[in-house]
Structure formats: C-alpha cells, structure tokens
Amino acid sequence: MSAKEQLNLDKLPQHVAIIMDGNGRWAQMHGQLRVYGHKSGVNSVRETAEAAAALGIKYLTLYAFSTENWNRPKDEVDALMELLVHTINSERETLNENNIRLATIGDTDSLPPRCQEGLAEAIAATSSNAGMTLILALSYSSRWEIVEATRRIAADVEAGKLKASEVNSDLFGTYLTTSKYPDPELLIRTSGEHRVSNFLLWQIAYAEFYFTETLWPDFGKEEFYQALLDFQQRERRFGKTSQQLIEQAIDNFFNNPSGSK
Ligand code: IPE
Ligand code: IPE
Ligand code: MG
C-alpha cells in the first residue's frame with residue numbers, strides 16, 4: 001500500500017511547516033550554479049502545495065527566505081528575488097486551480113518593490129480561495145518576529161491600552177505574524193540538517209519534527225505523504241503520560257461515541 005493510501009484522513013495536521021533546504025547542494029551535485037537548484041525547488045513547492053491542498057490540509061507554511069539569507073552573496077540574493085517575482089506570477093493560476101490562498105509572514109517591507117507588488121497582487125487575486133492557505137515566510141526570522149511582538153506589546157502597555165499583568169501566552173500569540181493561524185503540528189526539514197534556523201521558534205513548541213536527507217528539489221508528493229504518515233504514528237503527549245492519554249481516549253469514546261464535536 002502506498003503512503004497516501006495508508007493515511008488516516010481524519011488525523012491530518014491542520015498546519016504543516018517546511019524548511020525547504022538543500023537547493024545549493026542539489027545544484028552542485030548536478031554540476032550547476034546554486035540558482036539552478038532554487039529554480040528546480042519551485043517544482044517541489046508546486047507538488048507539495050498541490051498535495052497538501054488536495055488532502056485538505058488548511059495551512060502550509062514554507063520557509064523561503066530567512067533574515068540571515070540577506071547575508072548571502074548579492075548575486076544569489078538578487079537571483080532569489082527575481083525568481084520570487086517570476087514564480088508568484090507564473091504560479092498564480094496553479095494557486096487558483098487548487099483553491100489556495102496566498103499569504104506571507106516576515107519583514108516583507110524589506111523585499112524589493114517589485115516583489116512586494118507581485119506579492120500584493122497575488123494575495124489579492126487569491127484572497128477568495130477558501131481551500132488551503134499557503135504562507136510564504138519571506139525575510140522571516142523568529143527572533144525578529146518575537147522582538148517585534150514584544151516591542152508592540154510594550155508600546156501598548158506604555159499607551160495604556162494593555163496592562164503588563166494581562167500579558168500571557170495567548171495574548172503574546174496574537175502579536176505574532178502568525179496570529180491568524182494555528183500552530184504547526186508538523187515541521188519538515190529537508191537536506192539532512194537537524195536544526196531550526198530561526199524558524200517559528202514560538203509556534204513549534206509542540207510540533208513533531210520530520211527530518212529527511214532528501215534535498216529540497218528532490219522532495220515531492222510521495223515523501224510528503226511519508227512525512228504525514230510518520231506524523232500519524234507519533235504519540236503527542238503535551239506533557240502528559242501515555243496512560244493519561246489512553247484514559248482520555250476511553251473517556252471521549254464513552255462520552256462522545258460518534259466522534260462528533
Ligand atoms: C534552501 O536551499 C533555499 C534557501 C535558503 C533560500 P539552500 O540555498 O540553503 O541550499 P544549501 O543548504 O546551500 O544546499
Ligand atoms: C534555512 O535554510 C532558511 C530557508 C530554508 C529559507 P539555510 O540554508 O539558510 O539554513 P542554515 O544556514 O543551514 O542554518
Ligand atoms: Mg541551506
């Protein structure tokens with residue numbers, strides 16, 4: 001049976017986040033320049049987004065460009081920005097065909113104007129799609145986001161809109177760029193690196209991690225299903241014991257046998 005056939009469609013994560021890594025090494029392996037790897041990575045983005053949307057996953061967040069990536073050679077940064085403009089234009093049709101709404105997180109004001117315009121157009125053109133929300137993390141880093149949130153909370157306290165004693169975990173979440181989205185339950189990173197690289201530090205507090213050696217341009221639908229299957233085999237305890245979870249499941253079964261909410 002294929003991984004897709006084995007998936008329990010009632011137990012899919014609502015939100016999957018992916019650190020798309022390994023484009024440069026993939027290009028090098030093929031004797032090409034790094035930018036060739038980034039271009040090839042667009043196919044993996046399309047495949048993964050289509051697969052996620054078709055399954056009914058509500059949110060897919062892709063780490064496309066980090067705050068730290070601005071420190072790469074100028075040629076590569078320019079090529080990535082060019083590719084971004086080109087991709088958001090050329091993929092708009094795919095987004096609409098798959099009922100996908102586009103959104104971004106990150107310091108998008110720091111992107112070149114052409115990128116900002118292209119993004120704004122694509123976001124507007126897909127805003128009525130009610131299937132999946134595809135969130136591109138662009139010029140994003142989690143520390144940047146957390147510091148921004150803290151600054152805005154402090155400003156609201158200073159302005160008397162908020163009391164310091166009202167600041168708690170839920171309120172903090174509302175100041176993050178991801179405030180409209182549930183936390184990702186699954187975080188995937190390709191290319192064999194076992195690190196988070198400043199991505200969604202707050203939001204992945206209880207995410208399951210799936211690491212694969214596959215380089216991003218070789219990632220596709222099949223491995224995405226594999227990651228989801230792996231996720232479905234995990235026991236998510238949230239600090240409780242296995243025994244408590246079993247008791248909770250029995251309780252739920254007897255109090256709500258049909259499984260309806
Ligand atoms: C990920 O691939 C894409 C971006 C970070 C923009 P890399 O460009 O990091 O590829 P490697 O890790 O150098 O192989
Ligand atoms: C993380 O990949 C950022 C993105 C995928 C956009 P990097 O390649 O920049 O991460 P490090 O430098 O290996 O940690
Ligand atoms: Mg990398």
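Here are some friendly notes on this predicted model, taking the two ligands in turn and then three individual residues.

1. Let me start with the surroundings of ligand 1. Its shell holds Met20, Asp21, Gly22, Asn23, Gly24, Arg25, Arg34, His38, Ala64, Asn69, Arg72 and Leu80. Sorted by class, these residues are three nonpolar, five polar and four charged.

2. Which residues place a polar side-chain atom by an oxygen atom of ligand 1? Arg72 does so at 2.7 Å, and Asp21 does so at 2.8 Å. The backbone takes part as well: a polar backbone atom of Gly22 is 3.3 Å from an oxygen atom of ligand 1. On its own, ligand 1 would expose 380 Å², and the protein buries 87% of that area.

3. Next, the place of ligand 1 in the fold. The space that ligand 1 takes up is the largest pocket. Two elements give two or more residues to its shell, namely α2 (23-29) and α3 (34-55). The largest share is that of α2, with three residues.

4. Now for ligand 2. Around this ligand you will find Ile19, Met20, Asp21, Tyr63, Ala64, Phe65, Ser66, Asn69, Arg72, Arg189, Arg195 and Ser197. By class, the shell has five nonpolar, three polar and four charged residues. Which element gives the most to it? That is strand β2, residues 59-66, with four residues.

5. The polar pairs of ligand 2 are worth a look in your viewer. An N or O atom in the side chain of Asn69 is 2.9 Å from an oxygen atom of ligand 2. Asp21 has a polar side-chain atom 3.2 Å from an oxygen atom of this ligand, while for a polar side-chain atom of Arg189 the distance to an oxygen atom is 3.3 Å. Taken alone, ligand 2 exposes 390 Å², of which the protein buries 78%. As for its location, ligand 2 sits in the largest pocket.

6. It may help to look at Asp21 with both ligands displayed. A polar side-chain atom of Asp21 lies 2.8 Å from an oxygen atom of ligand 1, and a polar side-chain atom of Asp21 lies 3.2 Å from an oxygen atom of ligand 2. Asn69 is likewise listed around ligand 1 and around ligand 2.

7. Away from the ligands, let us turn to Glu208, in strand β6 (residues 208-211). Is Glu208 buried or exposed? Its relative accessible area is 14%, so Glu208 is buried, the cut-off being under 20%. The side chain of Glu208 makes a polar contact of 3.0 Å with that of Arg234.

8. Ala154 belongs to helix α7, which covers residues 142-158. Why does Ala154 count as partly exposed? Because its relative accessibility is 42%, a value that falls between the 20% and 50% limits. Val167 is 13 residues away along the chain, and its C-alpha atom is separated from that of Ala154 by 10.0 Å.

9. Last comes Glu5, in helix α1 (residues 3-6). With a relative accessible area of 54%, Glu5 is exposed, because the class begins over 50%. Between Glu5 and Ala53 there are 16 Å from C-alpha to C-alpha, with a separation of 48 residues in sequence.

Technical notes:
Residues numbered from 1 in each chain as written. Chains lettered and ligands numbered in written order. Predicted model: local features only at pLDDT ≥ 70, side-chain atom pairs only at ≥ 80, totals over all residues. Heavy atoms only, no water. Near = heavy atom within 4 Å. Polar contact = N/O pair within 3.5 Å; in protein donor to acceptor, adjacent residues only side chain to side chain. Areas by Shrake-Rupley, 256 points an atom, 1.4 Å probe, with all protein chains shown as cover. 1 Å grid on protein atoms, 1.4 Å probe; cavity = no way out; pocket = protein on both sides within 12 Å on 5 of 7 lines; lining within 4 Å. Sits in = over half its atoms within 2 Å of the grid points. Nonpolar A, V, L, I, M, F, W, Y, C, P; charged D, E, K, R; others polar. Buried < 20%, exposed > 50% of the residue type's maximum accessible area, 1.4 Å probe, protein only.
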